[in-house]
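Here are my notes for you, written as numbered points. Keep the structure open while you read, and look up each residue as it comes along.

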Amino acid sequence: MKNKVCLIITILFFNVASAFGQELTKVDSFKTRSIAERVNSHNFPAIAEPWGKCIDFANQSRLDEIAHHDIYWEGIGKESNDPKKRASGPMWKGEYPALGETFLNLPELLERRKELLKRNPNIILLGELRWRDYTDPSLPADHPYWKRDTQGNRVPATGDKMAQPRYYLDTDNPELIDHLCRQAKYMVESGVYDGVFLDWFGPSAAFFKKLRETIGDKYLIITNANYKYDAERAKYINGAYMECYKVDLPEYLPLWEATVRSPKINVVDMMGEQVGCVGEPDLKRMRNTTTYALVHSDGYVLYGDHYHNHRWFSFWDTKLGAPKSDEQLITRGAYKREFENGVVVNNSSGGSVKVEFKKEMKRVSDNKTGTSFKIDTDDGDFFVAIAK
């Protein structure tokens, strides 16, 4: 009798384990390209969607809107001052979101991933690994993961766009670091995400080393670098997110492109629009941002507002194909780069430049044709062959 009970328990255990394994790998039954293949196969220009929304696709489904883009990331759960409120999208399981290590709605997320990949077979999907701060109800007030001052009080987090009171996490706590690494490992091994995104330039290079060791080489890591560069972090990540809150373009883009791990996913996000994308857009600045990213990287680009909401510009519909060369210097600060279906020129030289071609070409911004074109400073353009 005892042996029979043990046998039944063993069978039940393997059935439960098998069912859980099937749930985790259900997305694998849908044939997809590898992460590296998707990064290396996306069209140019490749448009990013970090958090925000595209206002020009407001009448489309959220899945269709996201699938217009080639890389997308999101937070896990919507923070709220009421811990009982749940949001749509990915959610950590448990009363306290900061402590979750599995998703509450995994089957739904896997199905969503499958639908996005059907719409855009090259899209890259990332989840935000929140390491810096959380809102008050995300952790018990007495939890050791909070950073505290010498009096034992939680330290308020400061920064841009913080509508709710937040508090710093204690990134010197090794137990917190281990917990974050477990979260990241689950995020990618669950099949929901291709990698993780860390905001606020991420923690130390030592943390990135541990994170890389935890999730392995297959999955992606990107951090918000803004206008900064760090050679130590570059050893462990696949890309930098350059959130450009100034007029300047990120001069470190070529250096990040040269030093991060492959597959490379550097992202330039110029926040040049008015909040809500109201009024007329600065098309020249949009072209300058787009062509700068294309000339100096194989990565992704966005031009939108301070909250990453954006329009969809017809300029981005140009199918340039794969790069045929590295950037080529025209004059100091001005470059061109050849693609399968055209040539990209960026002019950040401080003066106008002339570009010439051996055959007639069409300038995409205004559809003018010819063999010689002038490009003003802080501008850029695409040039494509004239259809016969």
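How much area does the protein chain expose, and what share of it do carbon and sulfur atoms supply?

1. Let's settle that one right away. The exposed area comes to about 18800 Å², and carbon and sulfur atoms supply 51% of it. Do keep in mind that this is a predicted model.

2. Now for the overall picture. The protein chain has nine helices and 16 strands. It runs to 388 residues, and 49% of them are buried. Look at the contacts with a separation of 6 or more, too: residues 24 or more positions apart account for 65% of these.

3. Next, aromatic rings. A search of the whole structure turns up 24 aromatic pairs. Take F44 and F339 as one of them: their ring centres are 5.5 Å apart, with 55 degrees between the planes, and the pair is classed as tilted. F44 sits in the loop between α2 (35-41) and β1 (46-50), while F339 belongs to strand β12 (residues 334-339), so this pair ties together parts that are 295 residues apart in sequence. Are these two rings buried or exposed? F44 has 5% relative accessibility and counts as buried. F339 is buried as well, with a relative accessible area of 3%.

4. Compare that with Y227 and Y245. Their ring centres are 5.3 Å apart and the planes meet at 85 degrees, so this pair is edge-to-face. Y227 is in the loop between β7 (220-224) and α7 (231-234), and Y245 is in the loop between β8 (239-244) and α8, so the parts tied together here are 18 residues apart in sequence. Check the accessibility of both partners: Y227 is buried at 15%, whereas Y245, at 48%, counts as partly exposed.

5. Aromatic residues can also gather in a group. Which residues form one aromatic cluster? Find F57, Y303, W312, F313 and W316, and you have it.

6. Go back to F44 for a moment, this time for its backbone. The peptide bond joining F44 and P45 is cis, with omega at about -5 degrees. P45 lies in the loop between α2 and β1. There is also a cis peptide bond from S262 to P263, again with omega near -5 degrees. You'll find P263 in the loop between α8 and β9 (267-270).

7. Two backbone angles deserve a look. F201 isn't a glycine, yet it has a positive phi of about 65 degrees. It is in the loop between β6 (195-198) and α6 (205-215), and at 12% relative accessibility F201 counts as buried. D378 also has a positive phi without being a glycine, near 55 degrees. Its place is the loop between β15 (369-375) and β16 (379-385). D378 is partly exposed, with a relative accessible area of 43%.

8. Please spend some time on E257, in helix α8 (residues 253-259). Which side chain of opposite charge is nearest to this residue? That would be K264, 5.9 Å away; E257 is buried yet has no salt bridge. For the reasoning here, you need the cut-off: a salt bridge requires the nitrogen and the carboxyl oxygen to be within 4 Å. What E257 does have is a polar contact, side chain to side chain, with N266 at 2.8 Å. Leaving out residues up to four places away in sequence, E257 touches K264, N266, H296, S297 and D298.

9. Last stop: N238, in the loop between α7 and β8. With a relative accessible area of 1%, N238 is buried. Its side chain makes a polar contact with the side chain of R212, at 2.7 Å. Then look across to L220, which is 18 residues away along the chain: the C-alpha atoms of N238 and L220 are separated by 5.9 Å. What else does N238 touch, not counting residues up to four places away in sequence? Among them are Y219, I221, V260, R261 and I265. The list also includes S262 and P263, the two residues of the cis peptide bond in point 6. K264 and N266 are touched by N238 too, and both of these are in contact with E257.

Technical notes:
Residues are numbered from 1 along each chain as its sequence is written. This is a predicted model: local features need pLDDT of at least 70, side-chain atom pairs count only at pLDDT 80 or more; totals for chains, interfaces and linings use all residues. Side-chain values use heavy atoms; hydrogens and water are left out. Helices (H or I, at least four residues) and strands (E, at least two) are DSSP runs, numbered from the N terminus. Buried means under 20% relative accessible area, exposed over 50%, partly exposed in between (1.4 Å probe, protein chains only). Contact means heavy atoms within 4.5 Å. Accessible areas come from the Shrake-Rupley method with a 1.4 Å probe; for residues, only the protein chains shown count as cover. Lys and Arg count as positive and Asp and Glu as negative; His and the chain ends are not counted. A polar contact is a pair of N or O atoms within 3.5 Å; within protein, one must be able to donate a hydrogen and the other to accept it, and residues adjacent in sequence count only if both atoms are side-chain atoms. Rings of Phe, Tyr and Trp (its six-membered ring) pair if their centres lie within 6.5 Å; planes under 30 degrees apart count as stacked, over 60 as edge-to-face and the rest as tilted.
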